[in-house]
Amino acid sequence: MRSQLKKEVVDNMKHLGVYRDDFEHTIDIYVGMLGQYLAFEKQFEESGFKITDSYTNKAGATNERKTPIYTAMEALRKDLATYSNLLCLNPKTYERVKRPEVPVRKEEKEKPKSKLIQALSETS
């Protein structure tokens with residue numbers, strides 16, 4: 001699965017024109033986190049998308065807290081966003097790196113003069 005994810009990331013980067021061999025280490029870290037996120041996502045789905053659970057502290061009080069899987073997913077989401085920025089894999093960072101080429105303007109032909117302007121210029 002990890003090799004397939006890496007191939008997809010590298011293919012996407014090549015397609016966008018932002019891939020370089022120098023980024024392999026960063027890509028490996030990103031792919032590792034992406035694999036972890038997908039595994040947590042599967043566990044989260046199997047839990048019925050349970051976000052909180054009850055927790056009894058030492059004093060005997062019961063409170064609601066986020067599940068460990070959900071907490072880990074939140075942290076991974078932030079890290080994945082940071083690494084996708086580094087690798088230019090989201091629209092915001094890609095837009096900053098790849099500036100669209102400014103199209104060359106066509107030379108405008110001189111517009112024909114109106115009959116009134118032609119008549120006025122002939123009389124002067």
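Not counting residues up to four places away in sequence, which residues does Asn 90 touch? Ala 81, Ser 84 and Asn 85 are the ones. Keep in mind that this is a predicted model, and let's use Asn 90 as the way in.

Asn 90 sits in the loop that links helix 3, residues 68-86, to helix 4, residues 91-97. Two of its neighbours are also polar partners. Its side chain makes a polar contact of 3.3 Å with the side chain of Ser 84, and another, at 2.4 Å, with the side chain of Asn 85. Is Asn 90 buried or exposed? With a relative accessible area of 16%, Asn 90 is buried, because the cut-off for that label is under 20%.

Stay in that loop for a moment, since Cys 88 is found between helix 3 and helix 4 as well. Cys 88 is not a glycine, yet its phi is positive, at about 60°. At a relative accessibility of 12%, Cys 88 counts as buried too.

Now jump back to the start of the chain. Helix 1 covers residues 2-16 and helix 2 covers residues 24-46; they pack with their axes 9 Å apart, at an angle of about 125°. How does that angle classify? The two helices are oblique to each other, because an angle of 125° falls neither over 145, the cut-off for roughly antiparallel, nor within the 65 to 115 range for roughly perpendicular. On the helix 1 side, the contact is made by Arg 2, Leu 5, Lys 6, Val 9, Val 10 and Met 13. Helix 2 answers with a list that includes Glu 24, Ile 27, Tyr 30, Val 31, Leu 34 and Leu 38, along with Gly 32 and Gly 35. As for handedness, helix 1 passes helix 2 in a right-handed crossing.

Follow the chain out of helix 2 and you get to the loop leading to strand 1, which is where Phe 49 lies. Phe 49 is another residue other than glycine with a positive phi, in this case near 60°.

Next come the strands. Strand 1 (residues 52-56) and strand 2 (residues 62-66) run antiparallel and are joined by five bridges. If you want a spot to orient yourself, look at Tyr 55, which stands opposite Asn 63 of strand 2. Together the two strands make a hairpin, with five residues between them. In the turn of that hairpin, Gly 60 has a positive phi of about 90°. And as a general point for reading such a pairing, side chains in a regular strand alternate between the two faces of the sheet.

Definitions and conventions
Residues are numbered from 1 along each chain as its sequence is written. This is a predicted model: local features need pLDDT of at least 70, side-chain atom pairs count only at pLDDT 80 or more; totals for chains, interfaces and linings use all residues. Side-chain values use heavy atoms; hydrogens and water are left out. Two strands pair if DSSP finds at least two bridges between them. Helices (H or I, at least four residues) and strands (E, at least two) are DSSP runs, numbered from the N terminus. Buried means under 20% relative accessible area, exposed over 50%, partly exposed in between (1.4 Å probe, protein chains only). A polar contact is a pair of N or O atoms within 3.5 Å; within protein, one must be able to donate a hydrogen and the other to accept it, and residues adjacent in sequence count only if both atoms are side-chain atoms. Contact means heavy atoms within 4.5 Å. Axes are lines fitted to C-alpha atoms, for helices over the stretch in contact, and angles run from 0 to 180 degrees between N-to-C directions. Angles under 35 degrees count as roughly parallel, over 145 as roughly antiparallel, 65 to 115 as roughly perpendicular and the rest as oblique. A crossing is left-handed if the near helix is turned anticlockwise from the far one by less than a right angle, and right-handed if clockwise.
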